[in-house]
Amino acid sequence: MVKIVYEVDDVEQFFELQEGNWTVGRSSSATFTIRNDTISKVHAAFEFQDGKLTVKDLDSSNGVFVNGVKVEEQLLQPTDRVKIGNIKFNISMSQEELAIYHGSDTSSFSSNSEDNSDSGELTPAGGVEAVVDVNPDVGEESKTFFDVQNYAPAQVLANSPAVVAAPGSAAESPIKLLMQNRKLLLIVLGGAVMLFLMLIVLLNDPNEKRKPTKSRKIQGVISDKYEENLKQGSQVFLSEPVKALEFFKKALKITTKGNTNTASSLIELTNLWIDAKMSWLGVDRHIFRRILDDIRLEDEGQPGAVMYDFVLKYSRLEKDEEKNEIKFAEIVQLLSRDLIKESKEKLQGIPASSSIKAKARLRISNHERKLIKGLKERINAASRSGERLREIRLLNELMPMLLPADRLDYLSRLGTLRKGVAIEKVFAEGIRLFEKGDLAKAQILLKELTEKDAKYYAAQKILKKIRFINTKKKAEFFYNDQGDGKNAILILNKLSSSKLIAYEKRIKAVMKLFKEAKRHGRHNPDSIKAQNKLKELMALENNEDNKYYQRAKALLAKWTDKAAKAKRIFAGALNKLRTRDYVSARSMCVEVKKLKPDFDISRITKKVNSYVSKVLNTQVRNEKSVNVRKEVLTNLEKMVYPEDEHHDYIITQLEDLKQE
């Protein structure tokens, strides 16, 4: 068993290692917790196996130093000084562990305590001071008292000049010899210390766990209180920042030296939240994020760290509130244009848990009240000046904003106004708006007239015209812009106007022509009938902005394109070739060349020439019958053209046969 001794704030503490792997760090996830800002969450590991003690750096921020040298992993000796963060550790071993080290490697106990950084401040752990013998008679290298025990007493005495008796003189007493020889005295004292340590080990059970010292208990209580204050303050930070500030200040008072950064940052963050009056709209985003980053770095930013959940929660919350601020700005923009309905719709996108929602709802409510108040004032002003038409229009604007219970008085007032308003003025205003082209407002005004009014039937005629115009516009939109004749016809049928019958017939005719053209040209784009249908459609519609006209024009251009047509004829010629209709295949190639002179038809001409050559060899050159030869050559003449290989030969042979 090995004891590791260290000091925190001038209080000596220790922990004991048995066989196994033990970790040291700042968080509770480490085997041994040391609260210090310079130590990482899980900083290093001590491995004690087979009597050997090894220290290993676990990717810490400040590293691990052995005798002033930074190491990743190091086998430790009893005299080594280990430094983790700003905390120094000394090693204290039992007599059995020292014996194991001694028996395995005596040279490893040579003095290696030359620490460049703190050799003047630290001493070997456990109160055992390394004694260096400077007597050159002992050996070339200086030895500690651990190495001296490697010599047998008899050997030491035999080699010591102080022990050898002078010739002719009496033997001196052992005590006098010890007093005269300093090295021998150290050996005896060292042996006595070792016997004393062995006696302590025998009297104490090595497996019994030592009770923590009073200083460690105090340090643990302080650490627990520090964490508890941080946690309690974190829980009420958002809702009760003043209370949270008290908890953080308590944590700052009881924390250890050099471990005040987290508490100080939390106090700064809380003051920022209080200054913003607990509103995200008043918080300086850059400062808030900077403080959160400081807390995360101070607390290592790892799961299990004291403030990990706090930083994670408020980082996410701050980002969400930033998005809600953008929505709030959009609501303000909509309110500047008096768009109450759209503002309320945008408000639904802000979560109920956000503090910005309440502010946005209040902003909308205040603006709506202000708008209602302004409308009421304008209505009263219109009433005082006798502008009844204007008063009716303002009342119509006001009604949708009022609650059902508040509408009763205004409904009654609106009814009275409508009865008292001069019908001629209403009608005249409606006609004016109709002629101006403002059909929607004209329709609203003219609908106010009832059957009892003198201008009611005249108003109905205007309304019918408005419906006719609106219906035609809607139908034209579907027919011309969307190319949707079916919906256009459905809209026209709803009105049942004789003036629109001709328009409806034209739409149906165009749709029919387009459908037939597509049906005929689907499998044969070169169909004259299909192309004529498209030409007929374009002549009937004669409107370049019409969707059907544009489609017909594009389709006709595609079907009459020479390159595309040449490809289609060549594909047909290939099909003829497969059925051995060489005459048709060759004649179709001629058409292809007329359409596109640079088109490659060699694939067909090679096969036709091959076939002609074969026939000439088998049925012409060896045929004695003149009639048979003449018949075969006549058939071959249909397959060959002036540019073909056998054309001249076939023509010559036919002329010779005719002369015979």
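These are my notebook entries on strands, a helix pair and one buried arginine in a predicted model.

**Entry 1: strand E1 and its partners**

I began with strand E1, residues 2-8, and looked up how far it is covered: 5 of its 7 residues are buried, so I noted the strand as mostly covered. I then followed its pairing to strand E2, residues 11-17, where 7 bridges join the two strands and the run is antiparallel. Within that pairing I found Lys3 standing opposite Glu16 of E2. The two strands make a hairpin with 2 residues between them, and in the turn I noted Asp9, whose phi is positive at about 55°.

E1 also pairs with strand E11, residues 87-93, through 5 bridges, and this pairing is antiparallel as well. Here I picked out Tyr6, which stands opposite Phe89 in E11.

**Entry 2: an open sheet**

Next I looked up a sheet of 5 strands, which is open, has mixed pairing and follows the order E4-E3-E5-E6-E9. Its edges are strand E4 (32-33) and strand E9 (73-75); each has a single partner strand, so one side of each is left without a neighbour in the sheet. As a reminder to myself, strands of a sheet pair through backbone hydrogen bonds, in either a parallel or an antiparallel manner.

Inside this order I checked E5 (residues 44-49) against E6 (residues 52-57), and found them antiparallel and joined by 6 bridges. For Ala44, the bridge partner in E6 is Asp57.

**Entry 3: helices H20 and H21**

I turned to helix H20, residues 528-541, and helix H21, residues 547-560, which pack with their axes 9 Å apart at an angle of about 150°. Because angles over 145 degrees count as roughly antiparallel, I recorded H20 as roughly antiparallel to H21. The crossing of the two helices is left-handed.

For the contact itself I listed residues from both sides: H20 contributes, among others, Leu534, Leu537, Met538 and Glu541, while those of H21 include Tyr548, Ala552, Leu556 and Trp559. Sorted by class, the contact holds 10 nonpolar, 2 polar and 3 charged residues.

**Entry 4: Arg586**

Which helix holds Arg586? I placed this residue in helix H23, residues 582-595. I then asked whether Arg586 is buried or exposed. Its relative accessibility is 1%, and since buried means under 20%, I counted Arg586 as buried.

Leaving out residues up to four places away in sequence, I found that Arg586 touches Ile601, Thr605, Val608, Met639, Tyr641, Glu643 and Asp644.

How values were computed: Residues numbered from 1 in each chain as written. Predicted model: local features only at pLDDT ≥ 70, side-chain atom pairs only at ≥ 80, totals over all residues. Heavy atoms only, no water. Axes fitted to C-alpha atoms, helices over the stretch in contact; angles between N-to-C directions. Helix = DSSP H or I, 4+ residues; strand = E, 2+ residues; numbered from the N terminus. Parallel < 35°, antiparallel > 145°, perpendicular 65-115°, else oblique. Left-handed = near helix turned anticlockwise from the far one by under 90°. Contact = heavy atoms within 4.5 Å. Nonpolar A, V, L, I, M, F, W, Y, C, P; charged D, E, K, R; others polar. Pairing = 2+ DSSP bridges. Buried < 20%, exposed > 50% of the residue type's maximum accessible area, 1.4 Å probe, protein only.
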